[in-house]
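Dear colleague,

Please find the structure below, handed over for your own inspection. A summary of what was found in it follows.

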Number of protein chains: 2
Amino acid sequence: MSQGYRVAILGATGAVGAELLAVLEQRRFPVAELRLLASERSAGRQLSFAGTPHTVQAVTPEAFQGLDLVLASAGASLSKTWAPQAVAAGAVVIDNSSAFRLDLQVPLVVPEVNPEAVDQHHGVIANPNCTTAILVTALAPLHRAFIAQRVIVSTYQSASGAGARGMDELLVGTRQWLAGETVVPHTFAHPLPFNVIPHIDTFQSNGYTREEMKVVLETRKILGDSALKLSCTAVRVPTLRVHSEAVTVEFGRPVTPEAARQILAETPGIEVIDDPAAGRYPLPLHATGRYPVEVGRLRASLVFEHGLDFFIAGDQLLKGAALNAVQIAETLIDRQALVRPAGRAPALT
Amino acid sequence: MSQGYRVAILGATGAVGAELLAVLEQRRFPVAELRLLASERSAGRQLSFAGTPHTVQAVTPEAFQGLDLVLASAGASLSKTWAPQAVAAGAVVIDNSSAFRLDLQVPLVVPEVNPEAVDQHHGVIANPNCTTAILVTALAPLHRAFIAQRVIVSTYQSASGAGARGMDELLVGTRQWLAGETVVPHTFAHPLPFNVIPHIDTFQSNGYTREEMKVVLETRKILGDSALKLSCTAVRVPTLRVHSEAVTVEFGRPVTPEAARQILAETPGIEVIDDPAAGRYPLPLHATGRYPVEVGRLRASLVFEHGLDFFIAGDQLLKGAALNAVQIAETLIDRQALVRPAGRAPALT
């Protein structure tokens, strides 16, 4: 174990899988053994990690034997199938899907915000929805200082929120559109090139989408504040990477943009980019491929006595997915929690 | 006069100018004579109206002699120069620029909302900012029924909000980006293809842009409610036409999505498109070239006791500019106000 951990990536060939490989390598995560797991269809593909080719294996119950850690990013239904088996085999699972996020026995963690939550795990730690992770990284320090009461979020979410297929569909569709050809959507409900689509994930009976309700419910859980009032409008825009969010917050205590800016500047995981006169504010093209959540356009609310408006942008494949997952793994190591606690009932049986 | 009115378009060769020609023709506005005015640079160009070629003239003080109506869409500084001269020559000016919108002597009009305001004109009637016109068309009937208290708007504004040049820059830049070439912005502060830019017009000392403050101040004036609390985040997105807006409203009276939907369905200028399960909601590509403001995604607010969230999309070159201007002209005719009222001091001398 002193050489490192035996790690598997479930969903290694997806958009987040590729980022997981890159982030593990960039951050020199102590990997003793790496197994790349995916569907039968992707088995046999070769992916490079730390200069060494690794062959993708089809996921089977036996594939989890002898592992310390599984980073799962293969969608909710596959996580529901495989996470309990990985935990039963003795691994700790960090799951990027929505399968267990609201399970009361499963910690939902953004390491800058609630690292201590990992201590309570029963084998699975959930990685939040991408839009939530980016929002809560910026919101949490402001909430601690000024006590958020109401949060209103409108999102500008990129095509890769729907995976590599979403990115391909935007690129191919844009070329078709420019050539005067018909753009036929598959991944998205409508053509995305030169359009915006106020529809991400499925609609719920209250008129909100699942994506919007994930932001509401997951933010409450991560902040540990079940009374916090949040609303979200989730909109797909024709960008390739990075989710941006326009955020309005009413606080319980007096707040100024200057005080908020100072707190955010001292917060790990945040980069304050807020010099609008110089054309500097959060931007998807700037945030692409970068770790920090960019925060800017900080200004006093015009609708709340104690309130702020601001704009954030974060790479949803990194802080919204792969980076946060690896940070959770690092937190588990730091807190000596990368072991299935003996004596605790497995959460998922 | 029974044959129609002597009309000039100032800024005939711009993006809004082209739409003004189209809308006057589509709506069979009673035009007896049409003068197309533009800068010296555009003089001599031929544009077609009602099947007849018209030659663009350079604007001069003499160009306004004998006119009944000037539809001005050439920017604020040109309006400040030419509108007083047109009024002095006896014409009524409908001005699409920001020059006079907040002038207390100048009505600011959306005909579905405050048609009676035209009666008080002193020669100039102002056409609102495009984002404002689209917002207020949807907001006004809800405000009348349920009394809006707080309004929070996040916008998704298209390239053509910056005129024909903005549209060209997005198209050319997208082709360059796809070819792997560097995209150099001119009209926009940053490359717009595959990006979103939270910066429209210049920044004010309060951290809001002029665009955002136009939405705040103009909406209050049109609704005749100077106490209404509004906030806006204005964001440019890589679409060609149509501005979309995510809107959250707190009302003073109880409200339901059903009641709001029914009121909106009966409001001229609005098309309720709100069947999300069938993939039907407002969309830029659908609203392009169409007159109505599309309203959908109506749902109960999660942050206000009496509140609604909704999403709107409107063609900002039509309801946000040319259509609204022609509707103002029609309103002037209907209310017998297309004459400089004798005995009133000119507003602009």
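A crossing of two helices is called left-handed if the near helix is turned anticlockwise from the far one by less than a right angle, and right-handed if clockwise. Helices (H or I, at least four residues) and strands (E, at least two) are DSSP runs, numbered from the N terminus.

The model is predicted: local features need pLDDT of at least 70, side-chain atom pairs count only at pLDDT 80 or more, and totals for chains, interfaces and linings use all residues. Residues are numbered from 1 along each chain as its sequence is written, while chains are lettered from A and ligands numbered from 1 in the order in which they are written. The model has an ipTM of 0.95 and a pTM of 0.96. For chain A the mean pLDDT (the predictor's confidence in each residue, from 0 to 100) is 95, and 97% of its residues reach 70 or more.

Helix pair within chain A

Helix 3 of chain A passes helix 5 of chain A in a right-handed crossing. Helix 3 covers residues 130-146 and helix 5 residues 210-223 of chain A; their axes are 10 Å apart, at an angle of about 40 degrees. Axes here are lines fitted to C-alpha atoms, for helices over the stretch in contact, and angles run from 0 to 180 degrees between N-to-C directions. The two helices are therefore oblique to each other; angles under 35 degrees count as roughly parallel, over 145 as roughly antiparallel, 65 to 115 as roughly perpendicular and the rest as oblique. Among the residues making the contact (C-beta atoms, placed from the backbone, within 7 Å) are A:Leu135 and A:Val136 of helix 3 and A:Val215 and A:Ile222 of helix 5 of chain A. By class, this contact has 6 nonpolar, 4 polar and 3 charged residues. Ala, Val, Leu, Ile, Met, Phe, Trp, Tyr, Cys and Pro count as nonpolar, Asp, Glu, Lys and Arg as charged, and the others, Gly among them, as polar.

The sheet of chain A

Chain A holds an open sheet of 7 strands in the order 3-4-2-1-5-6-7, with mixed pairing; two strands pair if DSSP finds at least two bridges between them. Strand 3 (46-49) and strand 7 (124-126) of chain A stand at the edges with a single partner strand each, so one side of each has no neighbour in the sheet. Strand 1 (residues 5-10) and strand 2 (residues 31-38) of chain A run parallel and are joined by 6 bridges. A:Ala8 stands opposite A:Arg35 in strand 2 of chain A. Strand 3 and strand 4 (residues 52-58) of chain A run antiparallel, with 4 bridges, and A:Leu47 has A:His54 as its bridge partner in strand 4 of chain A. The hairpin of these two strands has 2 residues between them, and in it A:Ala50 takes a positive phi near 55 degrees. Helix 8 (residues 318-334) of chain A lies across strand 5, strand 6 and strand 7 of chain A, at about 150 degrees to strand 6.

Contact between the chains

Chain A and chain B each give 50 residues to the contact. The side of chain B that touches chain A has 30 nonpolar, 14 polar and 6 charged residues. Helix 4 (residues 163-178) of chain A and helix 4 of chain B cross at roughly 125 degrees, their axes coming within 11 Å, and the crossing is left-handed. There A:Thr174, A:Arg175 and A:Leu178 meet B:Thr174, B:Arg175 and B:Leu178.

Yours sincerely

Key: Contact = placed C-beta atoms within 7 Å.
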